[in-house]
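Student: I should like to examine a protein model through its computed features. Could the discussion proceed by question and answer?

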Amino acid sequence: METGSPQDTGPAGTQGAAQTQGAAGTQGAAGAVEDGPVWIALPPGLLKMRRLLLVVWLGLISLAAGLVPGLLAGPAWAAFALPPLALMAWGWVMLERNWRSWRYAERADDLLISRGVLWREETVVPYGRMQLVEVTSGPVERHFGLASVQLHTAAAWTDATIPGLDPAEAERLRDRLTELGEARSAGL
């Protein structure tokens, strides 16, 4: 099963897509089978974590913006709580759009990372150019059972990150990328 976009995989599609990384192909105009990258979407835990942080921070700001003026200057001034609440509703939707835009694919010679809602950005990291692959997980990420994979290359602007992975998948990806990087750089 080839997945062309993160929407095709769905929220639980990361496990299914990771298990079906075999030879996937699509029918071209001439009827020939073309191999394309098998895209893997990020797990839904990242979206849950980001939404919780949005609600906590903007909820506190809304509470402070409405409660303090409301108590000091009168109930009409409690309307200052409305802009942060509106921002929270807008952010709730935008976080999901951003989460759906993130995906990655392992190919024979490189790793593809695609992201972005308005400006699509696709990063191609050749295995032979990787110098360091890190797995990081902050306290909030650990609470949600998430980890990030950071790829470092010789050129600083090509460093890439895959956020919000399951820790086991992050470690598997780190080990695989390190192994492929060492094999590809040995020929340089």
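The exchange below moves from the overall fold to individual residues.

Tutor: This is a predicted model, in which local features require pLDDT of at least 70, side-chain atom pairs count only at pLDDT 80 or more, and totals for chains, interfaces and linings use all residues. Residues are numbered from 1 along each chain as its sequence is written, and side-chain values use heavy atoms, with hydrogens and water left out.

Student: How many helices and strands does the protein have?

Tutor: Helices (H or I, at least four residues) and strands (E, at least two) are DSSP runs, numbered from the N terminus. On that basis the protein has six helices and nine strands.

Student: What percentage of the residues count as buried?

Tutor: A residue is buried under 20% relative accessible area, exposed over 50%, and partly exposed in between (1.4 Å probe, protein chains only). The protein has 188 residues. Of these, the share that counts as buried is 37%.

Student: What share of the contacts with a separation of 6 or more comes from residues 24 or more positions apart?

Tutor: Contact here means heavy atoms within 4.5 Å. Among contacts in the protein with a separation of 6 or more, residues 24 or more positions apart account for 48%.

Student: Which helix gives the most to the nonpolar patch on the surface?

Tutor: Patches are made of residues with over 30% relative accessible area and no salt bridge; like charges are joined within 9 Å, and nonpolar side chains (Val, Leu, Ile, Met, Phe, Trp, Tyr) within 5 Å. The nonpolar patch consists of L52, L53, V56, W57, L60 and V140, with about 530 Å² of accessible area together (Shrake-Rupley method, 1.4 Å probe, only the protein chains shown counting as cover for residues). The largest contribution, five residues, comes from residues 44–73, helix α3.

Student: Is L60, a member of that patch, buried or partly exposed?

Tutor: L60 lies in helix α3. Because its relative accessibility is 48%, L60 counts as partly exposed.

Student: Which residue forms a salt bridge with R51?

Tutor: A salt bridge is a side-chain nitrogen of Lys or Arg within 4 Å of a carboxyl oxygen of Asp or Glu, and the structure holds eight of them. In the R51 pair, the closest N and O atoms are 3.0 Å apart. The pair links distant parts of the chain, 45 residues apart, from helix α3 to helix α4 (residues 82–101). The partner of R51 is E96.

Student: How do the two partners rank in accessibility, buried or partly exposed?

Tutor: R51 has a relative accessible area of 14%, so R51 is buried. E96 has a relative accessible area of 27%, and therefore E96 is partly exposed.

Student: Which other side chain meets E96 in a salt bridge?

Tutor: This second pair lies within helix α4, its members four residues apart, about one turn of the helix. The N to O distance is 3.2 Å. The partner counts as partly exposed because its relative accessibility is 22%. The side chain is that of R100.

Student: Which residues are joined into one network by salt bridges that share partners?

Tutor: A separate pair may be noted beforehand: R174 forms a salt bridge with D175, the closest N and O atoms being 3.2 Å apart. Salt bridges that share partners make one network of E106, E169, R172 and R176.

Student: Over the face of which residue does R103 lie?

Tutor: A charge sits over a ring if NZ of Lys or CZ of Arg is within 6 Å of the ring centre and within 35 degrees of the ring normal. R103 is at 4.0 Å from the ring centre of W39. The residue is thus W39.

Student: Where is I113 found, and what is the C-alpha separation between I113 and R103?

Tutor: I113 is found in strand β5 (residues 110–115), and I113 is buried because its relative accessible area is 0%. Beyond four places in sequence, I113 touches residues including W102, R103, Y104, L151 and I162. I113 and R103 are ten residues apart along the chain, and their C-alpha atoms are separated by 6.0 Å.

Student: How far apart in space are L112 and V125?

Tutor: L112 also lies in strand β5, and L112 counts as buried because its relative accessibility is 2%. Not counting residues up to four places away in sequence, L112 touches P37, W39 and R103, among others. L112 and V125 are 13 residues apart in sequence, and their C-alpha to C-alpha distance is 6.5 Å.
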